[in-house]
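Hi there,

Here is the structure I promised to pass along. Have a look at it first, and my notes follow underneath.

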Amino acid sequence: MEKSKTIAGHKHILYDHKKMDIQELTQRSLEFYDLMDQRRSVRTFSTEDIPSQVIENIIKTASTAPSGAHKQPWTFCVVSNPDLKKKIRESAEAEEQKSYEKRMSERWKEDLKPLATDANKPFLEEAPYLIVICKKAYDFDQEGNKVNNYYVNESVGIAAGMLITAIHNAGLVTLTHTPSPMNFLTDLLERPKHERAFLLLPVGYPKDPTYVPALKRKSLEEIAVFYG
Ligand code: IYR
């Protein structure tokens, strides 16, 4: 078998796939489900530091996500500087204050009651790391020419999901925080104007003890339809 070949003028390499037997396939799928079913969004963080190597590994994992035309339209901004975290917290809380007071409907606030959220966001200072995922509406090549990106929301959304999975797999916790609007993040992080903040994830250990809402996930029957 050739290790590589040219298809339509571009190099393709042999895909390295190790087929497992049915038992191993089934067991691995179940074990991974059990692991991921333990994941919860956590809002109270320990200030204990975590190795920067772990942060680098989880970001590299997220960046293995598929993306439209393989454009990888994302930037992961990693914030551990206490002054910058403080500024992010102050701006996020100012926006959240306005949201809770004016922007969010009564029904929305009613829907959020089981989560016990409010405009205070101490986790933005307490968590040792904040990862702000930015999406790139477009990009520039080496020569500075504008390059198109495709399916940017889908691509960055998948990468975000993989980041959350990697964080949980590493034994850490996170929260998908979306203070809205998020323009203040693009400004504080001095991102270029073709980048927009997509999600803010505090990453660390949970505070001891941490309580999470007693939520139930939908059953398979409620979320899937099988056309056998
Ligand atoms: N962004 C606000 C409100 C909020 C909205 C939803 I939808 C949530 O699932 C949780 C919170 C906040 O972070 O408090």
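**N149 and the ligand site**

A polar side-chain atom of N149 is 2.9 Å from the backbone oxygen of K136, a polar contact (a pair of N or O atoms within 3.5 Å; within protein, one must be able to donate a hydrogen and the other to accept it, and residues adjacent in sequence count only if both atoms are side-chain atoms). N149 is in the loop between β6 (146-148) and α6 (152-170), where helices (H or I, at least four residues) and strands (E, at least two) are DSSP runs numbered from the N terminus. N149 has a relative accessible area of 11%, so it is buried (under 20%, 1.4 Å probe, protein chains only).

A word on the source: this is a predicted model, in which local features need pLDDT of at least 70 and side-chain atom pairs count only at pLDDT 80 or more, while totals for chains, interfaces and linings use all residues. Residues are numbered from 1 along each chain as its sequence is written, and side-chain values use heavy atoms, with hydrogens and water left out.

Now to the ligand. Three side chains make polar contacts with the ligand: Y100 has an N or O atom 2.5 Å from a ligand oxygen, E96 places a polar atom 3.1 Å from a ligand nitrogen, and H177 has an N or O atom 3.4 Å from a ligand oxygen. Of the 370 Å² of accessible area that the ligand has on its own, the protein covers 70% (Shrake-Rupley method, 1.4 Å probe).

Happy browsing!

Note on methods: Buried means under 20% relative accessible area, exposed over 50%, partly exposed in between (1.4 Å probe, protein chains only).
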